[in-house]
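Please open the model in your viewer and display the backbone as a cartoon. The tour below proceeds by selection, one element at a time.

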Amino acid sequence: MFSSATELLQKRDIGDDIRCAVKFVRSGSLNTFTASGDGIIDSTQEEDDVFNESEHIKWVDSTSLTPGYLGRVSAIGTKNIIMTINGNSKTLAHEIGHTRGLMHDENNQDPSLNNRASHRIMYHYLSTNNTLNQSDYIGYK
Ligand SMILES: [Zn+2]
């Protein structure tokens, strides 16, 4: 998963995509937690409980809080990710972007990005491409 996420940022997709020479690697051990006993987050309290687990990335089966939710950070700029098992390497790269302070592209005020936002790795839905603009590049570095 980490190597696939790395490849997404390192390869050039289309147009003005910027290649970013970062490498995601897991450090530390894998643990299990019991905050959400059935693996399904179905209340904001359960989500908070999972976010309060000490590991940076928490994997759960699913969540019923937001349909289509594949991953989430507790707050932009925090190293606190929840990933669902339906999330993939693109989801992981996107959520790591949030931990680095990156926002969704549709929030970016740069007017030159308006027609390309859906191609960006930081678009709020899974996109067909995984492009980075200059601010994404700076954030990931
Ligand atoms: Zn996002």
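Begin by selecting Thr91, Leu92, Ala93, His94, Glu95, Ile96, Gly97 and His98: these residues of α3 are buried in what is a predicted model. Now extend the selection to the whole of helix α3, residues 89-99; eight of its 11 residues are buried, so the helix is largely enclosed by the rest of the structure. To see what surrounds α3, add α1 (2-10), β4 (71-73), β5 (81-84) and α4 (134-140), against which its buried residues pack. Following α3, select glycine 101, which has a positive phi near 95°.

Next, keep only α1 and α3 in view. Their axes lie 8 Å apart, and the helices pack at an angle of about 70°. Angles of 65 to 115 degrees count as roughly perpendicular, and α1 and α3 are therefore roughly perpendicular to each other. Show the side chains of Ser4, Ala5, Leu8 and Leu9 on α1, together with Ser89, Lys90, Leu92 and Ala93 on α3; these residues make the contact. Five of the contact residues are nonpolar, two are polar and one is charged.

Turn then to the sheet. Select β2, β5 and β4, which form, in that order, an open sheet of three strands with mixed pairing. At its edges are β2 (57-60) and β4, each paired on one side only. Neighbouring strands are turned by 20° against each other on average, direction ignored. Between β2 and β5, the pairing is parallel and runs over four bridges; select isoleucine 57 to find isoleucine 81 of β5 opposite. Finally, restore α3, which packs on this sheet by touching β4 and β5, its direction making about 10° with that of β4.

Notes
Residues are numbered from 1 along each chain as its sequence is written. This is a predicted model: local features need pLDDT of at least 70, side-chain atom pairs count only at pLDDT 80 or more; totals for chains, interfaces and linings use all residues. A residue is buried if 20 or more other C-beta atoms lie within 10 Å of its own, exposed if 12 or fewer, and partly exposed in between; C-beta atoms are placed from the backbone. Helices (H or I, at least four residues) and strands (E, at least two) are DSSP runs, numbered from the N terminus. Two residues are in contact if their C-beta atoms, placed from the backbone, lie within 7 Å. Axes are lines fitted to C-alpha atoms, for helices over the stretch in contact, and angles run from 0 to 180 degrees between N-to-C directions. Angles under 35 degrees count as roughly parallel, over 145 as roughly antiparallel, 65 to 115 as roughly perpendicular and the rest as oblique. Ala, Val, Leu, Ile, Met, Phe, Trp, Tyr, Cys and Pro count as nonpolar, Asp, Glu, Lys and Arg as charged, and the others, Gly among them, as polar. Two strands pair if DSSP finds at least two bridges between them.
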